[in-house]
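User: I would like to go through this model with you before I return to the bench. Could we start with the overall picture and then turn to the details?

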Amino acid sequence: SKDMDHKSARVSAKTPSSGDELKDVIKGLIKLLMLVIFLGYVFIWILMPTLIYRTKWLPVMRTEFGFSTYFGLAGLTLFMLMFPMLLLACLGCLYLHLKKQKTNNHLIREKATGRGVLAAMRRPMLVKGPLGIVSATELIFLAMFVALLLWNFFIYLRNAFPMITPQSAAKLHQKIWQAKLEAMAIRIGLVGNACLAFLFIPVVRGSSLLPVLGLTSESSIKYHIWLGHLLMTIFTVHGLCFVVYWASMHEISQMVTWSKTEMSNIAGEIALLSGLVMWATSYPSIRRRFFEVFFYSHYLYIIFMFFYVLHVGIAFCFIVLPGFYMFMVDRFLRFLQSRDNVRLLSARVLSSNTAELTFSKAKELMYNPTSTLFVNVPSISKLQWHPFTITSSSNLEPETLSIVIKSEGKWSTKLYKMLSTWDHDTDRTLSVSVEGPYGPVSTDFLRHDALVMVSGGSGITPFISIIRDLIAMSQTTTTCETPKITLVCAFKKASDIAMLDLILPSSGLKLSSDLNIQIEAFITKDNEPSDEETQKIRTVWFKPSPSDRPISAILGPNSWLWLAAILSSSFIIFLIVVGVMTRYYIYPIDQNKSKYNAASRSILYLLVLCVSIMMTSSAAVLWNKKKYKVEGSKQVQNVDVPSPTSSPSLWTDREIESTPKESLVQCTNLHFGERPDLKKILLDTKGSSVGVMICGPKKMRQEVANICSSGLAENLHFQSISFSW
């Protein structure tokens with residue numbers, strides 16, 4: 001009878017109700033509407049440089065959206081290019097809210113097929129090169145975007161050059177080539193705006209657009225890098241062309257002019273210089289060796305965007321503002337979340353320069369495996385925020401959240417030394433602030449029959465969260481069948497094996513017999529285990545502060561709906577205030593002339609934009625804090641904090657018997673002085689669909705990508721997780 005109950009429970013979990021079917025229909029309609037809006041948005045970009053747009057469409061649209069409304073010339077770009085993208089973001093929020101509800105109610109495993117066009121498009125196509133590991137889909141979209149840039153450039157020139165005649169050039173005291181150089185410089189700047197329009201979207205951590213496409217901000221960083229390189233290349237050429245033009249015209253003084261009615265040259269130069277500093281410090285060699293330089297110089301994006309707006313004017317900047325608008329909303333929400341100190345419960349300090357931090361978490365906060373948390377420790381640096389993969393599972397550990405930190409840079413080294421030197425007499429308090437968590441909205445790895453997770457060093461951390469989540473699923477009768485797991489981890493030293501202790505939480509949970517897992521650990525430099533003393537794990541407990549709060553979602557359980565409310569209400573407030581100001585203050589009714597110059601109008605618009613975002617975001621956060629107030633401070637005032645304790649690692653004595661983690665030892669094979677034969681492991685894995693996840697150094701990622709794209713096995717599905725974000 002128990003078996004019958006078990007089977008019926010599984011069937012009920014997989015059978016969607018009529019309400020779920022209705023939600024699926026609504027989600028399908030939302031995605032269709034989003035596709036139509038986005039195609040229309042792209043169509044405008046394609047049409048923008050053409051004569052049809054400039055001679056037929058533009059005059060009509062300026063009348064409809066500009067002069068006949070309260071927004072003046074800014075009305076055209078405001079309603080045609082900014083409004084559609086914000087509408088897309090709001091629709092994405094609604095879609096993700098419906099998807100989240102279904103994920104919470106039903107864990108339905110959808111099989112992934114290894115054959116077909118879609119499967120082939122997801123496989124790596126380019127492995128080595130400046131773009132990194134790129135799939136066929138990514139390569140096609142990149143080629144389409146570059147084609148859009150080239151289309152804009154050549155159509156702009158084709159329409160501009162015939163208008164330049166000896167007579168028209170002579171009127172401006174120009175030669176033909178000088179007139180064409182000026183025209184080309186202007187058009188190059190227009191082309192660069194297409195890159196700027198999309199530049200900030202990949203770095204919006206709480207984006208509602210990326211998850212609809214199955215992306216995360218972590219996996220989309222490379223798109224931001226690509227767009228940044230294109231943008232700065234185009235804008236640099238734009239600036240150099242004007243410098244050459246001014247020099248040839250003996251008007252080099254134009255570089256320091258600030259026009260009150262036209263474009264401000266000096267504002268554009270300040271924006272370009274700040275962009276060049278960010279560009280130079282973002283190169284991998286500089287970023288790795290001087291991370292602080294890269295980190296702090298990227299705050300120049302504020303200078304870049306401010307002076308860009310002053311350079312082009314507020315009416316034109318609405319073309320590129322939607323992505324930056326979403327980024328500002330996300331950035332201010334992160335700022336509000338970072339104001340609170342979170343409660344740090346304990347730290348497990350390993351001898352391998354690794355520590356696991358465990359925080360208190362609100363039960364309502366749910367996240368998926370491979371999510372990341374940004375951490376700030378003011379006692380080390382008040383400005384630096386570092387991302388770490390969450391190793392805990394919200395299904396397995398509803399009240400705690402854990403991250404693993406490997407001592408590899410200056411910041412993490414200071415933190416590790418601080419944790420490892422605390423003794424019995426030290427007042428063990430540590431102030432910590434966090435942003436996040438951020439991660440995927442669905443667990444795609446459940447689609448596969450088997451999972452092969454390949455890690456190098458600290459790259460094991462995202463896979464710990466997956467294993468813990470699968471443990472939780474295997475213990476729940478209403479969940480779907482879990483895939484077979486093979487974890488292949490490579491470590492340099494024998495002391496690093498202690499990281500395997502972190503696979504299971506410190507509560508002493510035992511692996512379920514329903515979970516089919518095999519761990520192959522390779523130690524490449526050592527030929528024998530470390531002695532017991534070097535493998536000890538030290539647990540440090542922290543004294544709580546009454547002001548500390550458990551980690552919780554900044555916008556509560558219905559965060560996607562609240563984000564849609566913030567985006568829509570802030571934009572509506574902006575429209576109302578700007579409309580009234582433009583009609584009655586900037587352009588008074590009794591005077592058909594502006595009381596403000598272009599720079600003043602731009603600053604005024606930006607001020608209204610920022611205030612509307614801050615007002616609506618603050619109101620939403622305060623409402624959720626009041627409604628979902630976590631009673632954490634009352635419980636922590638008189639708590640006895642245990643002294644630091646030490647315990648042996650599982651891997652110092654392979655004859656371990658009755659411990660809660662015995663099952664973990666039994667399913668683990670240690671290989672000393674060996675490197676994993678990844679090709680053999682992957683090709684020998686059985687299953688119609690095998691998910692291959694890799695998190696490790698560049699060479700390891702390239703090797704796995706080569707195997708998956710070689711065509712030797714059609715059932716391999718490649719996914720790379722950022723190793724050094």
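**Overall picture**

Analyst: Of the 725 residues in the protein chain, 52% are buried. Please note that this is a predicted model.

User: How many helices and strands are there in the protein chain?

Analyst: The protein chain contains 22 helices and 16 strands.

User: And what does the accessible surface come to?

Analyst: It comes to about 34,400 Å² for the protein chain, and carbon and sulfur atoms account for 61% of that area.

User: What share of the contacts join residues at least 24 apart?

Analyst: The share is 79%, counted among contacts in the protein chain between residues at least 6 apart in sequence.

User: Let us turn to the sheet. In what order do the six strands lie?

Analyst: The order is 14-11-10-9-15-16, in an open sheet with parallel pairing. Strand 14 (668-672) and strand 16 (716-720) are the edge strands, each pairing on one side only. From one strand to the next, the twist averages 15°.

User: Which helix packs on the sheet and touches strand 11?

Analyst: Helix 17 (residues 461-474) does so, and it also touches strand 9 (450-456), strand 10 and strand 15 (690-695). The direction of helix 17 makes about 150° with that of strand 9.

User: Where does helix 22 lie?

Analyst: Helix 22 (residues 698-709) lies across strand 9, strand 10, strand 15 and strand 16. Its direction is at about 155° to strand 16.

User: How many bridges are there between strand 10 and strand 11?

Analyst: There are seven, with strand 10 (residues 484-491) and strand 11 (residues 517-523) paired in the parallel sense. Within strand 11, Gln 518 is the bridge partner of Thr 486.

User: What about strand 15: which strands does it pair with?

Analyst: Strand 15 runs parallel to strand 9, to which six bridges join it. Strand 15 also pairs with strand 16 in the parallel sense, over five bridges. Cys 695 in strand 15 stands opposite Ser 455, and Val 690 stands opposite Leu 716 in strand 16.

User: Are the residues of strand 15 buried or exposed?

Analyst: Six of the six residues in strand 15 are buried. On one side these are Val 690, Val 692 and Ile 694, and on the other Gly 691, Met 693 and Cys 695, so both faces are covered.

User: Why are there two sets of side chains?

Analyst: In a regular strand, side chains alternate between the two faces of the sheet.

User: A change of topic: cysteines. How many disulfides does the structure hold?

Analyst: The structure holds zero disulfides.

User: Is Cys 241 buried or exposed, then?

Analyst: Cys 241 counts as buried because its relative accessible area is 12%, under the 20% cut-off. Cys 695 is buried as well, with a relative accessible area of 3%.

User: Finally, Thr 281. Where does it lie?

Analyst: Thr 281 lies in helix 10 (residues 265-281). Thr 281 is classed as buried because its relative accessible area is 10%.

User: What does the side chain of Thr 281 reach at 3.0 Å?

Analyst: It reaches the backbone oxygen of Val 277. The side chain of Thr 281 also makes a polar contact with the side chain of Ser 297, at 2.7 Å.

User: Which residues is Thr 281 in contact with, leaving aside neighbours within four places in sequence?

Analyst: Those residues are Ile 286, Arg 287, Val 293, Phe 294 and Ser 297.

How values were computed:
Residues are numbered from 1 along each chain as its sequence is written. This is a predicted model: local features need pLDDT of at least 70, side-chain atom pairs count only at pLDDT 80 or more; totals for chains, interfaces and linings use all residues. Side-chain values use heavy atoms; hydrogens and water are left out. Two strands pair if DSSP finds at least two bridges between them. Helices (H or I, at least four residues) and strands (E, at least two) are DSSP runs, numbered from the N terminus. Axes are lines fitted to C-alpha atoms, for helices over the stretch in contact, and angles run from 0 to 180 degrees between N-to-C directions. Contact means heavy atoms within 4.5 Å. Buried means under 20% relative accessible area, exposed over 50%, partly exposed in between (1.4 Å probe, protein chains only). A polar contact is a pair of N or O atoms within 3.5 Å; within protein, one must be able to donate a hydrogen and the other to accept it, and residues adjacent in sequence count only if both atoms are side-chain atoms. Accessible areas come from the Shrake-Rupley method with a 1.4 Å probe; for residues, only the protein chains shown count as cover. A disulfide is a pair of cysteine sulfur atoms within 2.5 Å.
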